[in-house]
Structure formats: structure tokens, C-alpha cells
Amino acid sequence: MGVLTFTEEHTSVVSPSRIFKASILDANNLIPTLLPQVIKSMEFIQGTGAPGSIKQISFAQGSNLSSLKYRIDELNEETYTYNYTVIEGDALTDKLEKITHEVKLEAAPGGGTVSKVTSTYYTKGDFTLKEEDVKAGKERVLGVYKVVEAYLLNNPDAYA
């Protein structure tokens with residue numbers, strides 16, 4: 001098994017608490033509403049959102065993915081930390097065992113947020129994953145983040 005880790009940072013003028021509430025705590029409601037052409041639904045199929053819960057994301061028709069399931073490993077509303085593991089679905093293909101994501105939102109100097117995301121890909125067998133292999137997935141996640149950010153900027157009282 002091989003392991004490949006990527007870390008990315010993004011900044012926003014929106015506070016960490018608002019981004020965390022919107023994009024993580026209320027994701028099941030907000031994201032399918034904002035992006036119905038991409039996300040058909042997000043729901044817990046086990047648990048209610050605490051660590052150990054399993055969330056299923058169903059993608060809209062026409063997407064190159066149909067669904068994925070992930071397990072919440074850590075959820076800390078005080079430190080704005082959210083860790084989860086993709087355990088099933090099209091994103092894993094037959095060459096990946098799992099993908100872990102560690103999300104940390106921090107207050108930026110002067111206001112706003114620095115979002116740090118570390119993603120670790122665990123490959124099966126001798127398969128070697130390259131950064132360009134995961135580029136499209138990283139761009140999709142960043143796109144969702146930017147849509148949520150735009151919503152929060154246009155609705156300053158939302159998730160305050």
C-alpha cells in the first residue's frame with residue numbers, strides 16, 4: 001500500500017465560525033440547496049453527526065460520480081476541526097483503499113479565515129498515485145467552498 005499526502009491552504013474574509021457552521025455543521029441542508037446541479041443529497045445513514053457517524057453524499061444525475069460515504073473521525077466546534085475518512089464510493093475507484101481529510105479553520109490575522117486541508121490517499125497494491133490524478137477532486141471541493149463563501153458574503157446574517 002502506498003500513501004500520498006497533500007496539504008492546501010485557502011483564505012476567506014468570512015469568519016471561521018460562520019464557515020464551519022455553514023459548510024460542515026449544516027452541510028446536509030445548505031450544500032444541496034446551493035448546488036442542486038452537483039449534489040442531490042447529503043444525509044447521515046448512521047449517527048447524527050458526531051464522530052463515528054457515516055454520511056452519504058448522492059451526486060446529481062450527469063455527474064461523473066454517483067455517491068460516496070464517509071465516516072466522521074473528529075468534529076470539534078471549539079477548534080473548528082473536522083476530520084473524516086472516505087470509506088466507500090466512486091471516488092475510491094478500485095485503486096484506493098481510503099482517503100482521509102483533516103480540515104482546520106483558523107482565524108486569519110486581520111480577520112477572516114485560513115482553511116487548511118490535509119488529504120491522505122491510501123492506495124491498494126503497488127498503484128502509484130500522482131498529484132494530477134487528484135487535481136479534479138481538489139478543484140471540485142474548492143468550488144463548493146467558494147460557493148458557500150459567496151453565499152455567506154451575500155447573506156451576512158446567515159450562520160452568525
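The following exchange concerns a predicted model and the reasons for the terms used to describe it.

Colleague: What makes the seven strands an open sheet, and in which order do they stand?

Modeller: The order is β1-β7-β6-β5-β4-β3-β2, with antiparallel pairing. β1 (3–12) and β2 stand at the edges with a single partner strand each, so one side of each is left without a neighbour in the sheet. On average, neighbouring strands are turned by 20 degrees against each other, direction ignored.

Colleague: How do you know that β2 and β3 are paired?

Modeller: Pairing requires at least two bridges between two strands. β2 and β3 have six bridges, in the antiparallel sense, and therefore count as paired. One of the bridges links E43 to its partner Q56 in β3.

Colleague: What makes β3 and β4 a pair, and which residue of β4 is the bridge partner of Q56?

Modeller: Five bridges join β3 to β4, and the two strands run antiparallel. Set against the requirement of at least two bridges, β3 and β4 therefore pair. The partner of Q56 in β4 is K69.

Colleague: How many bridges join β4 to β5, and what lies between the strands of their hairpin?

Modeller: Eight bridges join β4 to β5, which also run antiparallel; at least two would suffice for pairing. N76 stands opposite T81 in β5. The hairpin has four residues between the strands, and Y80 takes a positive phi near 55 degrees.

Colleague: Why is T100 called buried?

Modeller: The relative accessible area of T100 is 14%, and buried means under 20%. T100 is therefore buried. This residue is found in strand β6. Leaving aside neighbours within four places in sequence, T100 is in contact with Y84, T85, T118, S119, T120 and Y122.

Colleague: Is L96 buried or exposed, and how do you know?

Modeller: L96 has a relative accessible area of 7%. The limit for a buried residue is under 20%, so L96 is buried. L96 is likewise found in strand β6. Not counting residues up to four places away in sequence, L96 touches A91, Y121, Y122, T123, K124 and L129. Of these, K124 is 28 residues from L96 in sequence, and the two are 5.4 Å apart in space, C-alpha to C-alpha.

Colleague: Why are α1 and α2 called roughly perpendicular?

Modeller: α1 and α2 pack at an angle of about 80 degrees, with their axes 6 Å apart. Angles of 65 to 115 degrees count as roughly perpendicular, so the term applies to α1 and α2. In their contact, A22, S23, I24 and L25 in α1 meet A27, L30 and I31 in α2. The residues of this contact divide into six nonpolar, one polar and no charged.

Colleague: What makes α2 and α3 roughly perpendicular?

Modeller: The axes of α2 and α3 cross at roughly 95 degrees and come within 10 Å. That angle falls in the range of 65 to 115 degrees, so α2 and α3 are roughly perpendicular to each other. Their contact is made by L30, I31 and L34 of α2 and V144, V147, V148 and Y151 of α3. The division here is seven nonpolar, no polar and no charged.

Colleague: Which residues of α2 are buried, and what covers them?

Modeller: A27, N28, L30, I31 and P32 are buried. The cover over the buried residues of α2 includes α1, β2, β3 and α3.

Colleague: How do the helices α1 and α2 lie relative to the strands?

Modeller: α1 lies across β1, β3, β4, β5, β6 and β7 (113–123), running at about 150 degrees to β6. α2 lies across β2 and β3, at about 165 degrees to β2. Angles over 145 degrees count as roughly antiparallel, so α1 is roughly antiparallel to β6 and α2 is roughly antiparallel to β2.

Colleague: What makes a group of residues a nonpolar core, and how many belong to the largest one here?

Modeller: The members must be buried residues of kinds such as Ile, Leu and Tyr, joined through side-chain atoms within 4.5 Å. The largest core has 33 residues, and those with the most contacts inside it are I31, I57, Y70, Y82, Y121 and L152. Among the elements that each supply at least two residues of this core are α1 (16–25), α2 (27–34), β4 (67–76) and α3 (131–154). Not counting residues up to four places away in sequence, I31 touches S23, I39, M42, V144 and V148.

Note on methods:
Residues are numbered from 1 along each chain as its sequence is written. This is a predicted model: local features need pLDDT of at least 70, side-chain atom pairs count only at pLDDT 80 or more; totals for chains, interfaces and linings use all residues. Side-chain values use heavy atoms; hydrogens and water are left out. Buried means under 20% relative accessible area, exposed over 50%, partly exposed in between (1.4 Å probe, protein chains only). Contact means heavy atoms within 4.5 Å. Axes are lines fitted to C-alpha atoms, for helices over the stretch in contact, and angles run from 0 to 180 degrees between N-to-C directions. Angles under 35 degrees count as roughly parallel, over 145 as roughly antiparallel, 65 to 115 as roughly perpendicular and the rest as oblique. Ala, Val, Leu, Ile, Met, Phe, Trp, Tyr, Cys and Pro count as nonpolar, Asp, Glu, Lys and Arg as charged, and the others, Gly among them, as polar.
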